[in-house]
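Here is a set of questions and answers for a reader who is meeting this structure for the first time. Each answer works through a short line of reasoning before it settles on a value or a name.

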Amino acid sequence: MRTHMHEPNYLDTAKLNPARAFKTPMDVVETDDIDQAAKLAILKAWEADERALLRAEDEGMGGGEHPHLHKVQMALAQLSEELCSTDATERIRRAS
């Protein structure tokens with residue numbers, strides 16, 4: 001990760017520019033320093049950025065950056081699996 005978790009306004013910065021705060025989308029999923037809701041917000045912001053890059057490329061305005069939407073979508077799928085697993089575990093724990 002490029003940004004330290006203890007810097008002021010870290011999460012705000014990560015949500016505004018995820019690629020500056022994290023090297024890869026999967027780094028967001030794998031960090032233990034932020035909660036699941038923040039991870040989801042960061043990945044959704046990253047997804048929006050990637051979609052904007054794709055639109056710019058489609059319109060001939062590519063700036064040399066290569067969109068990696070599939071990597072963001074894979075990270076979102078992984079996070080979703082983890083959330084489902086966590087929810088199921090919580091339900092079982094409450095039922096016991």
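A residue counts as buried under 20% relative accessible area, as exposed over 50%, and as partly exposed in between. The model discussed here is a predicted one.

Q: Is arginine 51 buried, exposed or partly exposed?
A: The place of arginine 51 is in helix α4. Its relative accessibility is 37%, and a value between 20% and 50% belongs to the middle class, so arginine 51 counts as partly exposed.

Q: With which residues is arginine 51 in contact, leaving aside its neighbours within four places in sequence?
A: One C-alpha separation helps to set the scene, since arginine 51 and histidine 68 are 17 residues apart along the chain and their C-alpha atoms are separated by 9.1 Å. Once the neighbours within four places in sequence are left aside, the contacts of arginine 51 are with Leu69 and Gln73.

Q: How many helices and how many strands does the secondary structure of the protein come to?
A: Read from the N terminus on, the elements of the protein run α-α-α-α-α. The count that goes with this order is 5 helices and 0 strands.

Q: Which helices each supply at least two residues of the largest nonpolar core?
A: The largest nonpolar core has 15 residues, of which Tyr10, Ala14, Phe22, Val28, Ile34, Ile42 and Leu43 touch the most other members. The helices that each supply at least two residues of this core are α1 (10-16), α3 (25-30), α4 (36-58) and α5 (69-95).

Q: Leaving aside its neighbours within four places in sequence, with which residues is leucine 43 in contact?
A: Leucine 43 is one of the core residues that touch the most other members. With neighbours within four places in sequence left aside, leucine 43 is in contact with Pro25, Val28, Val29, Val72, Ala75, Leu76 and Leu79.

Q: Why is the pair of tyrosine 10 and phenylalanine 22 described as edge-to-face?
A: The structure holds 1 aromatic pair. The ring centres of tyrosine 10 and phenylalanine 22 are 6.1 Å apart and their planes stand at 65°, and because planes over 60 degrees apart fall in that class, the pair is edge-to-face.

Q: Where in the chain do tyrosine 10 and phenylalanine 22 lie?
A: Both tyrosine 10 and phenylalanine 22 are buried. Their pair links distant parts of the chain, 12 residues apart, with tyrosine 10 in helix α1 and phenylalanine 22 in the loop between α2 (18-21) and α3.

Key. Residues are numbered from 1 along each chain as its sequence is written. This is a predicted model: local features need pLDDT of at least 70, side-chain atom pairs count only at pLDDT 80 or more; totals for chains, interfaces and linings use all residues. Side-chain values use heavy atoms; hydrogens and water are left out. A nonpolar core is a set of buried Ala, Val, Leu, Ile, Met, Phe, Trp, Tyr and Cys residues joined through side-chain atoms within 4.5 Å. Buried means under 20% relative accessible area, exposed over 50%, partly exposed in between (1.4 Å probe, protein chains only). Helices (H or I, at least four residues) and strands (E, at least two) are DSSP runs, numbered from the N terminus. Contact means heavy atoms within 4.5 Å. Rings of Phe, Tyr and Trp (its six-membered ring) pair if their centres lie within 6.5 Å; planes under 30 degrees apart count as stacked, over 60 as edge-to-face and the rest as tilted.
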